[in-house]
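Subject: The structure we talked about

Hi,

Here is the structure I promised to pass on. Have it open while you read, and the notes below should be easy to follow.

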Amino acid sequence: MNDKLRVLLVTTWDQPCGIAEHSWYLKQAVEAADPEIEITPWTDLDPASLRSSVPVPDLVWLNYQAALHSRWTPDWIQRWRQSVNGMKIGVTYHDTGVPNSDQCQAICAAADTFVIHEPADDLPMEKGDYWRMGVPTPTPAGIHPPDGPEYWALGYRDQPRLGTIGFPFAWKCYDELAKVTAANGWAFYVIAPGATDEQMACWLRLNPCTTVRRAFVGRQAAVRLLAGCDATAFTYVCHNTGQSGAILQGIAARKPVIALSTCRQMRALYEDPLGREAIRWCSTFEEVGFALRTVSIERCDPGIVALAEQDGWARLGQRYAQLYRRLVA
């Protein structure tokens, strides 16, 4: 007989996307914090599919992204709760602002509780929590930088290396990072799943000491690769909503982190007192260049280490576990 608290997590799973990554960390962290909680991913995002869930869970939790969960309307949430004896339904909402503000308000009002990752003044926070996304905890191997021909571009072992990670969308400004690293004597290491031959050629033209990894990299491997760099940078110009998940891998690497303060996806960290102090915030690429010229090269950055501990998944897992317990009490 299973006496565990059963949570059905409605989410993408085991695929290269940020929602699936968050789900993996959530399951791992909550079950580590409270072994009597069992989280089961449910990957059919049609709400009608939950009728086939066996056994019936104690709690349904939506790892919600507006496009992925478009069929989970407020009406559906209310009907589901009524059809299963008032079952509790919670939401982690990953994109709260424009253009999803109205949808987010409706979803959060219909659910029993919700968690968001960025400040939001237009939501009923008396029934929700604002928790930033968790910073991954590296494995012991993540402390030791990698080596080998795939990692090193020819001839730049004596140069500092700037690393970044993420799908190569134009608004991530990898072209500009290639330029500014070359101008300031840095090599550029970019983990860019799906990068095209044209993009690779461009980055190499702008900075010949560039290494590109185009394969999707697993969670811990990504942190380990970034830990082998001397700093990481996340210079986005995107106005989309939601906290950036990629920068958390840079923080997990525990090296200096450079970011653009003007990007909405960095707002949660920029407004946090420790995040404001620990990260090298810039508003232009001229300032990014200055950061590269003045950053301290060391094994670990003390400010980033403190930020990683403050926002680590271990603490966040405890928060979620306590929240789940309160909901079903």
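Below is what I found, going from the sheet to the helices and ending with one loop residue. Please keep in mind that this is a predicted model.

**The sheet**

A good place to begin is the open sheet, which is built from 6 strands in the order 9-8-7-10-11-12, with parallel pairing. Its edges are strand 9 (210-213) and strand 12 (280-282), each of which pairs on one side only. On average, neighbouring strands in this sheet are turned by 20° against each other, direction ignored.

Two of the pairings can be followed residue by residue. Strand 8 (residues 187-191) joins strand 9 in the parallel sense over 4 bridges, and Ile191 has Arg213 of strand 9 as its bridge partner. Strand 7 and strand 8 also pair in the parallel sense, over 5 bridges. In strand 8, Ala187 is the residue that stands opposite Arg161.

How much of strand 7 is buried? The count is 5 of its 5 residues. Both of its faces are covered: Arg161, Gly163 and Ile165 are buried on one side, and Leu162 and Thr164 are buried on the other.

**Helices on the sheet**

Helix 4 packs on this sheet and touches strand 7 (161-165), strand 8 and strand 10 (231-234). The direction of helix 4 makes about 160° with that of strand 8. Helix 10 packs on the sheet as well, touching strand 7, strand 11 (257-260) and strand 12. The direction of helix 10 makes about 170° with that of strand 11.

These two helices also meet each other. The axes of helix 4 (residues 174-183) and helix 10 (residues 285-294) come within 10 Å and cross at roughly 45°, so the pair counts as oblique. The crossing is right-handed. On the helix 4 side, the contact is made by Glu176, Leu177, Val180 and Thr181, and on the helix 10 side by Phe285, Val288, Gly289 and Leu292. Sorted by class, that contact has 5 nonpolar, 2 polar and 1 charged residues.

**Helices 2 and 3**

Another helix pair to look at is helix 2 (74-83) with helix 3 (residues 101-110). Their axes are 9 Å apart and the packing angle is about 10°, so helix 2 and helix 3 are roughly parallel to each other. Pro74, Ile77, Gln78 and Arg81 of helix 2 meet Ala106, Ile107 and Ala110 of helix 3. By class, this contact has 5 nonpolar, 1 polar and 1 charged residues.

Which residues of helix 3 are buried? They are Ser101, Cys104, Ile107, Cys108 and Ala110. Those buried residues pack against helix 2, and also against strand 3 (59-64), strand 4 (88-93) and strand 5 (113-116). When you look along the helix, it may help to recall that an α-helix has 3.6 residues a turn, so residues three or four places apart point the same way.

**One loop residue**

Finally, take a look at Ala66, which sits in the loop between strand 3 and helix 2. Is Ala66 buried or exposed? Its relative accessible area is 7%, under the 20% cut-off, so Ala66 counts as buried. Ala66 and Arg276 are 210 residues apart along the chain, and their C-alpha atoms are separated by 29 Å.

Happy to go through any of this with you.

Best wishes

Methods
Residues are numbered from 1 along each chain as its sequence is written. This is a predicted model: local features need pLDDT of at least 70, side-chain atom pairs count only at pLDDT 80 or more; totals for chains, interfaces and linings use all residues. Side-chain values use heavy atoms; hydrogens and water are left out. Axes are lines fitted to C-alpha atoms, for helices over the stretch in contact, and angles run from 0 to 180 degrees between N-to-C directions. Angles under 35 degrees count as roughly parallel, over 145 as roughly antiparallel, 65 to 115 as roughly perpendicular and the rest as oblique. A crossing is left-handed if the near helix is turned anticlockwise from the far one by less than a right angle, and right-handed if clockwise. Contact means heavy atoms within 4.5 Å. Ala, Val, Leu, Ile, Met, Phe, Trp, Tyr, Cys and Pro count as nonpolar, Asp, Glu, Lys and Arg as charged, and the others, Gly among them, as polar. Two strands pair if DSSP finds at least two bridges between them. Buried means under 20% relative accessible area, exposed over 50%, partly exposed in between (1.4 Å probe, protein chains only).
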